[in-house]
Amino acid sequence: MNVLILGAGQLARMMSLASKPLNITVRAYDVGSKTVVDPLNSAISYGDLNAGIEFADTITAEFEHISHDVLAQCEASGKLKPSSQAIKTGGDRRLEKALLTKANAANAKHQIIESKADFDQALQTLALPLILKSALEGYDGKGQWRLKDLSQADDIWADIEAFFQGSKSSVKQAVIAEQMVPFDREVSLVGMRDVNGNTKVYPLTENHHTDGVLTVSVALNDNEALQTQAQQIFDSIANALGYVGVLAIEFFQVGDQLLVNEIAPRVHNSGHWTQQGADTCQFENHIRAVCGLPLGSGELVRPTAMINILGEDSIPNAILDIPSVSLHWYGKTKRAGRKMGHINLSATTNQALFERLEKVAMLLPEQAFSDIQQYARSLA
Ligand code: ATP
Ligand code: MG
Ligand code: MG
């Protein structure tokens, strides 16, 4: 089998690595250079999108912000999984909110803003503080404004208006105003749905962010009720989309209730731990699903956590001297804040995992990892 992935970043790379043992060959379409490349070596080129579509038995995506022309061209070949509608829904917060309504999934009170009148109305009907998010092209906390006090309203509106005017998208831009959720913590569920509609999920993951970017995920194996609640939401969302592949759902946990923050129609950073902590990792399961193969189990095999490496291209080798630690580099050029790699670590009990997480964190250079160190200390 041959798979073409739209997007040629680390997620395509890890899907390629997971595909080799199954005799599945992966190529990736780099949306920047508009060429098909080897996801493990972007210097190797295989021609344009048409050549990639020709090569592929199945086409899928590693991120949701793919131009609609490219999606339409892939869908016309009959090979695209999940559907272009599912991918677009992950890339447009208006469609995403409509999906949550359809799937009856609880989420923050919100309003769509396309004009000053909408903005003024949101200030009247929603309770402050608000978070305003661009409908299109938002990721890693980019394209967001926080409005705590009415005195900020004029400045924020001026910013949003400039943002609308600067938009190069062929789709009309908008902003979603959401009430800030006073959450206890953020968790996510990564799961998968096969071509016959069967679903499986991984354990919920607790996610820690640093400056709006995910930095640590810890698999949770101690809350059955929460897991069941998340799985039900997963099933209703995945079924509503007729989804095929791995799908991630980010939640806010408030008491024992889960509110959906957003979805990602792809493998997800909060599922990287599955490479060492689950029976079948998310990368293999996504490939299995889109190739029409049976899904592997998402069962946790041992307590596992992940640390993101942001903006650094080396870490002390002593980390590899700690048992059950594995290091995954993405082969990218160093840039401030860029996702360069991740560390997975496992242990036999949760407590041993937390202690190991602290040990690993303390070996990382303090300057870049101080927030992670603090979080690890709070768990241990
Ligand atoms: P990602 O990289 O996860 O795709 P994103 O840019 O799509 O990020 P969100 O996940 O929507 O952004 O928001 C980023 C972070 O901002 C969230 O993880 C959460 O910490 C905070 N946040 C977003 N919406 C809300 C909300 N309604 N209430 C409280 N906090 C929020
Ligand atoms: Mg997002
Ligand atoms: Mg998010």
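Helix α1, residues 10-19 of this predicted model, is largely enclosed by the rest of the structure, because 9 of its 10 residues are buried. Those buried positions are Q10, L11, A12, R13, M14, M15, S16, A18 and S19, and as a set they pack against strands β1 (2-6), β2 (25-30) and β18 (339-346) as well as against helix α10 (282-290). An α-helix has 3.6 residues a turn, so residues three or four places apart point the same way.

The loop between α1 and β2 holds N23, whose phi is near 65 degrees, a positive value in a residue other than glycine. N23 has 7 other C-beta atoms within 10 Å and is therefore exposed, the limit for that class being 12 or fewer.

**Strands β2 to β4**

β2 pairs with strand β3 (residues 35-38) in the antiparallel sense over 3 bridges, with A28 standing opposite V37. The two strands form a hairpin with 4 residues between them, and K34, in the loop that links β2 to β3, has a positive phi near 55 degrees. K34 counts as exposed, because it has 10 C-beta neighbours inside 10 Å.

β3 is in turn joined to strand β4 (residues 41-45) by 2 bridges, and these strands run antiparallel. They too form a hairpin, here with 2 residues between them. V37, which faces A28, has S45 as its bridge partner in β4, while D38 is the bridge partner of N41. Of the 5 residues of β4 the number buried is 0, so this strand lies largely in the open.

**Strands β10, β12 and β13**

Another set of antiparallel pairings involves strand β12 (residues 205-210), which is joined to strand β10 (residues 185-193) by 3 bridges. Within that pairing V187 stands opposite E206. β12 is also joined by 6 bridges to strand β13 (residues 213-219), again running antiparallel, and T210 has V213 as its bridge partner in β13. β12 and β13 form a hairpin with 2 residues between them, and D211 in the turn has a positive phi of about 50 degrees.

**Backbone geometry**

Most residues other than glycine have a negative phi, and most peptide bonds are trans. The table gathers positive phi values and cis peptide bonds that depart from this pattern.

| Site | Backbone feature | Value |
|---|---|---|
| N23 | positive phi | near 65 degrees |
| K34 | positive phi | near 55 degrees |
| D211 | positive phi | about 50 degrees |
| K81 to P82 | cis peptide bond | omega near -5 degrees |
| L128 to P129 | cis peptide bond | omega near -5 degrees |

Of the prolines that follow these cis bonds, P82 is placed in the loop between α3 (68-76) and α4 (84-91), whereas P129 lies in the loop between α6 (116-125) and β7.

**Domains and the ligand**

The protein chain is divided into domain 1 (2-80), domain 2 (109-179) and domain 3 (185-379). The C-alpha centres of domain 2 and domain 3 lie 29 Å apart. Both of these domains give residues to the shell around ligand 1, so the ligand lies between them.

That shell has 17 residues, among which A108, D140, E178, M180 and V181 come nearest to ligand 1. The elements that contribute two or more residues to the shell are β7 (130-134) and β15 (257-264). By residue class the shell divides into 5 nonpolar, 5 polar and 7 charged residues.

A UniProt annotation from an unreviewed entry, "domain: ATP-grasp", covers residues 97-291. Over that stretch the chain is 31% helix and 31% strand, and its end C-alpha atoms are 29 Å apart.

**The surroundings of Q276**

Q276 is in helix α9 (residues 274-277). It has 19 other C-beta atoms within 10 Å and is therefore partly exposed, since burial needs 20 or more. Leaving aside residues up to four places away in sequence, Q276 touches T304, S326, N344 and S346. The C-alpha atoms of Q276 and S324 are separated by 8.6 Å, although these residues are 48 apart along the chain.

Terms used. Residues numbered from 1 in each chain as written. Chains lettered and ligands numbered in written order. Predicted model: local features only at pLDDT ≥ 70, side-chain atom pairs only at ≥ 80, totals over all residues. Near = placed C-beta within 6 Å. Nonpolar A, V, L, I, M, F, W, Y, C, P; charged D, E, K, R; others polar. Domains from an automatic or database assignment. UniProt positions renumbered as here; feature names shortened; annotations may be inferred. Pairing = 2+ DSSP bridges. Contact = placed C-beta atoms within 7 Å.
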